[in-house]
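The exercises below are meant to be worked through with the model open in a viewer. Each task is followed by a solution that goes step by step.

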Amino acid sequence: MIIGVLGPKGTYSEKAAEQWIEKNGREGEDILEYCADIQDVFSLLEDKKCEIGVVPLENSIEGSVGITLDRLLENDVNIIGETIVTIEHCLLSRGKKEEIKVILSHPQGLGQCRQFLKNHFPAAELRTTGSTSHAAKLATEFEEMAAIASPETAEMYNLNIVMPNIQDRKHNHTRFVIITRSNIPESVQKYIKKDKQGSSYKTSIIVYLDRDRPGALYAILGEFAKTNINLTRIESRPSKKVLGDYVFYIDFEGNINDTIIKDAISNIESNVGMLKILGSYPEFDSYCESN
Ligand SMILES: O=C(O)C(=O)C[C@]1(C(=O)O)C=C[C@@H](O)C=C1
């Protein structure tokens, strides 16, 4: 199976893909296709050049990955899984700490180490890259450059770990989603069947209210409260139509095949402008326990 991830080699996205495949039981040879950015992972999937994509969705320090949320709304995709990766950023360079003048990383990496950078490198120039491993690759060029990336990339790109564990909070986790086309390819079906054994499910939807009116969001949330469905996440994102207009990303416990969930969704659907079901998939925690 071909799996699209953010590249080059050594990204946390690659780690997420490996982690998810390992948990689901590897079936034959999987090929990782490294993409320059997250949009390209979605394009690769759409163009049928891969069967699965693994993309970051949210981080415990920096919050949502906006481009992933946008593509989930606009592209014809289905979420079939999630995995959570422990993020352990290090400062990597060819040079010594005193020599570092430019620090590179993915915007999420820079954001997760904002305080560290202010405290230790107030004068350094910060530059964004397509990924943390892309930063590591570029940092090999000059001794005055450093990258914020995983400890594994140090070895991969022949860099020194100048400072380990530099993120602003000890606990740093990123949640990734495993996506496929909504017309699920045959090779992916076996992973989905396997997942069903003894797992608790989560469902992700996107809702657009169409028109701002008193109690509109309350009515949606009421549907979940009424039937005791546990919400695990709600997030608003600009609709990009006019200022102050939003779409809501909602995750909750349960499977779209359960009658209780089906009924709640159909009640919500009749009261909103648009409802997109992104998919039902095994919750990360329970799927760890059942493996
Ligand atoms: O740059 C990487 O290594 C990625 O996989 C991307 C990404 C992200 O977009 O959140 C993944 C995990 C970390 O939070 C930092 C960057």
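Two strands are said to pair if DSSP finds at least two bridges between them. Helices (H or I, at least four residues) and strands (E, at least two) are DSSP runs, numbered from the N terminus. This is a predicted model, in which local features need pLDDT of at least 70 and side-chain atom pairs count only at pLDDT 80 or more, while totals for chains, interfaces and linings use all residues. Residues are numbered from 1 along each chain as its sequence is written.

**Exercise 1.** Trace the pairing partners of strand 3 and state how it is covered.

Solution. Begin with strand 1 (residues 2-6), which pairs with strand 3 in the parallel sense over 2 bridges, and where Gly4 stands opposite Gly53. Next, take strand 11 (residues 173-181), whose pairing with strand 3 is antiparallel and extends over 6 bridges; here Gly53 stands opposite Ile179. Then turn to strand 4 (residues 63-64), which runs antiparallel to strand 3 and is joined to it by 2 bridges, with Glu58 opposite Ser64. Strand 3 and strand 4 form a hairpin, with 3 residues between them. Finally, check the covering: 8 of the 8 residues of strand 3 are buried (20 or more other C-beta atoms within 10 Å of the residue's own, against 12 or fewer for exposed and in between for partly exposed, with C-beta atoms placed from the backbone).

**Exercise 2.** Locate the ligand with respect to the domains, and describe its shell.

Solution. The protein chain is divided into domain 1 (2-87 + 172-195), domain 2 (90-163) and domain 3 (201-280), the bounds coming from an automatic or database domain assignment. Because domain 1 and domain 2 both give residues to the shell around the ligand, the ligand lies between them. The shell elements that each supply at least two residues are helix 1 (12-24), strand 3 (52-59), helix 4 (107-112) and helix 6 (132-139). A residue is counted as near if its C-beta atom, placed from the backbone, lies within 6 Å of the molecule; of the 15 residues around the ligand, Thr11, Ser13, Gln108, Ser131 and Thr132 come nearest. By class, the shell has 5 nonpolar, 10 polar and no charged residues, where Ala, Val, Leu, Ile, Met, Phe, Trp, Tyr, Cys and Pro count as nonpolar, Asp, Glu, Lys and Arg as charged, and the others, Gly among them, as polar.

**Exercise 3.** Describe how strand 14 is paired, and give the distance between the centres of domain 2 and domain 3.

Solution. Strand 14 (residues 246-253) pairs with strand 12 (residues 201-208) in the antiparallel sense over 7 bridges, and Tyr208 stands opposite Val247. Strand 13 (residues 231-238) also runs antiparallel to strand 14, joined by 7 bridges, with Glu235 opposite Tyr249. The centres of domain 2 and domain 3, taken over C-alpha atoms, are separated by 40 Å.

**Exercise 4.** Examine the backbone at Pro8, Lys48 and Asn165.

Solution. A cis peptide bond, with omega about -5°, joins Gly7 and Pro8, and Pro8 is placed in the loop between strand 1 and helix 1. Lys48, in the loop between helix 2 (38-46) and strand 3, has a positive phi near 60° although it is a residue other than glycine; Lys48 counts as exposed because it has 10 C-beta neighbours inside 10 Å. Asn165 has a positive phi near 50°, again in a residue other than glycine, and its place is in the loop between strand 10 (160-163) and strand 11. With 13 C-beta neighbours inside 10 Å, Asn165 counts as partly exposed.
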